[in-house]
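This report examines charged side-chain pairs and strand pairing in one protein chain. Please consult the sequence and structure shown here while reading.

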Amino acid sequence: MKLLNEDKVIDLSELFKIFGDSTRVKIINVLLHNELCVNDISEQINVSQSAVSHQLRILKQSKLVKYRKDGQTIYYSLDDDHVEKIFMMGVEHIDEV
């Protein structure tokens, strides 16, 4: 097996850091099958709208979440199926214990 170069090691480390925050994990969890606005996410995970918005900004910058506007409302969803796969592999791993 070929070792990753230093840039890829750093990028992968940064990706896994994103999953190190419980609020971000909750947001990803509710977005697994639903496109939601900040208010709906906030209500479902019982976290303030400002905290959700802050974490969504981080998730967008990391290309884990995307958004679309419908009038004045912004809806968020997972960026692609890789995000769901990473999340579900983590769930499967902790379920093995």
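## A salt bridge across the chain

In this predicted model, E35 and R68 form a salt bridge, with their closest N and O atoms 2.8 Å apart. The pair links distant parts of the chain, since E35 lies in the loop between α2 (22-31) and α3 (38-45), while R68 belongs to strand β1, 33 residues apart from E35.

Both partners have a computed accessibility. E35 counts as partly exposed because its relative accessibility is 36%, and R68 counts as partly exposed because its value is 37%.

## Salt bridges within helices

A search of the whole structure finds three salt bridges. One of them joins E14 to K17, with the closest N and O atoms 3.2 Å apart. These two residues are three apart in helix α1 (residues 6-18), so about one helical turn separates them. E14 is partly exposed at 41% relative accessibility, and K17 is partly exposed at 48%.

In another salt bridge, the side chains of K85 and D81 meet at 3.4 Å, N to O. K85 and D81 are four residues apart in helix α5 (residues 81-96), so they too are separated by about one helical turn. K85 is partly exposed, with a relative accessible area of 47%, and D81 is partly exposed at 42%.

## The strand pair

Strand β1 (residues 65-70), which contains R68, runs antiparallel to strand β2 (residues 73-78), and six bridges join the two. Within this pairing, Y67 stands opposite Y76 in β2.

The hairpin of β1 and β2 has two residues between the strands, and G71 takes a positive phi near 70° there.

Note on methods. Residues are numbered from 1 along each chain as its sequence is written. This is a predicted model: local features need pLDDT of at least 70, side-chain atom pairs count only at pLDDT 80 or more; totals for chains, interfaces and linings use all residues. Side-chain values use heavy atoms; hydrogens and water are left out. Two strands pair if DSSP finds at least two bridges between them. A salt bridge is a side-chain nitrogen of Lys or Arg within 4 Å of a carboxyl oxygen of Asp or Glu. Buried means under 20% relative accessible area, exposed over 50%, partly exposed in between (1.4 Å probe, protein chains only).
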